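Here is a set of questions and answers on one protein model. Look at the structure first, then work through the turns.

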Amino acid sequence: MKRFAALCLMVAALFYLSGCAAFRPAKEEVEVLQREYMVKTPAGLEIYVVAKRPSRAAPKGVVLLIPWVKSGSTLYNLPVKGYNLMDYLAGKGFAVYAVDHRSYGKSSKTSGLEVRGLTCAEDMKAVADFIEELEGVEKVDVVALSFGTVVTVCLAGKYPDEVRRIVLMGFPYSKVNERARKVVAKLIKLAESGKEFIPSRPETAKNLWYSYDPEVLKKFVEIVSKRMPQIPTGPFLDLRDWDALRLLPKIKAPVLFIYGDHENFADLKDAMKGFYSFPGQKKAYMLVGNASHGLVLERSHDIVFRTIYGWLSE
């Protein structure tokens with residue numbers, strides 16, 4: 001009971017912070033500028049990066065957004081009003097960067113089996129170094145969803161001084177939800193058999209969303225089906241090997257864990273276990289009502305956006 005009370009206090013404090021910083025009405029709409037980059041990694045790959053920032057003022061912070069398996073940077077840069085996390089954070093004064101993982105979108109193509117948490121973390125280290133030099137900062141904030149959280153934990157665990165603050169949405173700690181286990185087991189077997197890519201089928205993203213606007217799904221499917229007709233199978237091997245599990249305790253940055261109350265990919269009991277086992281002094285856990293695994297594109301995305309802004313503004 002004491003642990004639950006402490007958790008409620010943490011969530012209440014988080015809402016207080018996000019409320020103070022984010023619920024005030026904006027005085028005027030901020031003009032947002034967009035640029036694109038190709039960042040070369042030590043391995044010789046090129047990683048596509050799209051950047052957005054306020055046009056007039058110096059940014060108040062620098063954020064790297066790391067996507068999930070179903071899509072690349074489109075997850076955070078969907079051209080639907082109100083559902084674009086990049087626009088939201090840039091409008092609040094941040095310099096925001098989103099990526100296509102290797103073998104996604106405009107990034108270099110590799111074996112699909114090489115798209116793993118640890119390898120993508122090395123790619124993100126190169127991207128973070130590029131951003132830090134460009135922006136004149138020593139660390140970046142990182143926001144991630146699903147497979148992106150695995151990459152983030154590997155990045156922040158291997159390079160703990162690279163990251164200032166972290167948001168992990170739908171992080172699978174040590175097992176997946178019972179409802180997803182059969183599908184995940186099948187995908188792992190495909191990867192183990194040497195199958196490198198499978199059809200992306202972006203329309204199936206709705207299976208990971210609880211309450212959503214059909215027009216948002218329609219636009220997501222339209223863009224992702226063109227940008228990524230196939231997705232790699234390598235990420236599913238991370239759900240066999242759990243490399244991120246041993247690196248989580250090495251993270252120094254404050255971490256905010258966010259889940260939907262109808263989460264159907266990560267296991268919520270396991271997620272709570274992961275939260276309590278994380279040794280960081282600054283951490284918070286938030287459960288969003290009427291949401292599942294696709295938090296940033298579901299109807300409850302506005303709560304998620306404001307909370308992320310509050311966490312990164314501290």
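Q: In this predicted model, which helix holds D238?
A: The model is predicted, not experimental. The helix in question spans residues 234-241. D238 therefore sits in helix 7.

Q: Is D238 buried or exposed?
A: Buried means under 20% relative accessible area. D238 has a relative accessible area of 4%. That value falls under the cut-off, so D238 is buried.

Q: Which residues does D238 contact, leaving aside its neighbours within four places in sequence?
A: D238 is in helix 7. A contact needs heavy atoms within 4.5 Å. With neighbours within four places left aside, the contacts of D238 are R116, G117, F147, V150 and D243.

Q: Which residues are joined with D238 into one network of salt bridges?
A: Salt bridges that share partners build the network. Besides D238, its members are R116, E192, R240, D241 and D243.

Q: How far apart are the C-alpha atoms of D238 and A253?
A: Along the chain, D238 and A253 are 15 residues apart. In space, their C-alpha atoms are separated by 23 Å.

Q: Where does W242 lie, and what is its phi near?
A: W242 is found in the loop between helix 7 and helix 8 (243-247). Most residues other than glycine have a negative phi. W242 has a positive one, near 55°.

Q: Is W242 buried or exposed?
A: The cut-off for buried is under 20% relative accessible area. W242 has 18% relative accessibility, so W242 counts as buried.

Q: What is the phi of R201 near?
A: R201 has its place in the loop between strand 7 (197-199) and helix 6. Its phi is positive, in a residue other than glycine. The value for R201 is near 40°.

Q: Where is V115, and what is its relative accessibility?
A: V115 lies in the loop between strand 4 and helix 3. V115 counts as buried, with a relative accessibility of 0%.

Q: Which residues does V115 contact, leaving aside its neighbours within four places in sequence?
A: V115 is a buried loop residue. With neighbours within four places left aside, its contacts are R102, S103, Y104, T110, C120, F147, P232, G234 and P235.

Q: How many salt bridges does a search of the whole structure find?
A: Side chains of opposite charge can pair when their charged atoms come close. A salt bridge needs nitrogen and oxygen within 4 Å. The search of the whole structure finds 21.

Q: How many residues apart in sequence are the parts tied together by K106 and E36?
A: K106 forms a salt bridge with E36, with the closest N and O atoms 3.7 Å apart. K106 lies in the loop between strand 4 (94-99) and helix 3 (117-135), and E36 in strand 1 (residues 32-40), so the pair ties together parts separated in sequence by 70 residues.

Q: What does K106 count as, and what does E36 count as?
A: Partly exposed lies between under 20% and over 50%. K106 has 48% relative accessibility. E36 has 44%. K106 counts as partly exposed, and E36 counts as partly exposed.

Q: How many residues apart in sequence are the parts tied together by R227 and D100?
A: The side chains of R227 and D100 meet in a salt bridge of 2.5 Å, N to O. R227 lies in helix 6 (residues 214-227) and D100 in the loop between strand 4 and helix 3. The pair therefore ties together parts separated in sequence by 127 residues.

Q: What is the relative accessible area of D100?
A: R227 counts as partly exposed, at 24% relative accessibility. D100 is buried. Its relative accessible area is 0%.

Q: How many residues apart are E162 and K125?
A: E162 and K125 meet in a salt bridge, 3.4 Å from N to O. E162 is in the loop between helix 4 (147-158) and strand 6 (163-169), and K125 is in helix 3. The pair links distant parts of the chain, 37 residues apart.

Q: What radius of gyration does the protein chain have?
A: The chain has 314 residues. A compact globule of that length would have a radius near 20 Å. The protein chain agrees with this, at 18 Å.

How values were computed. Residues are numbered from 1 along each chain as its sequence is written. This is a predicted model: local features need pLDDT of at least 70, side-chain atom pairs count only at pLDDT 80 or more; totals for chains, interfaces and linings use all residues. Side-chain values use heavy atoms; hydrogens and water are left out. The radius of gyration is taken over C-alpha atoms; the globule rule is 2.2 Å times the number of residues to the power 0.38. Helices (H or I, at least four residues) and strands (E, at least two) are DSSP runs, numbered from the N terminus. Buried means under 20% relative accessible area, exposed over 50%, partly exposed in between (1.4 Å probe, protein chains only).
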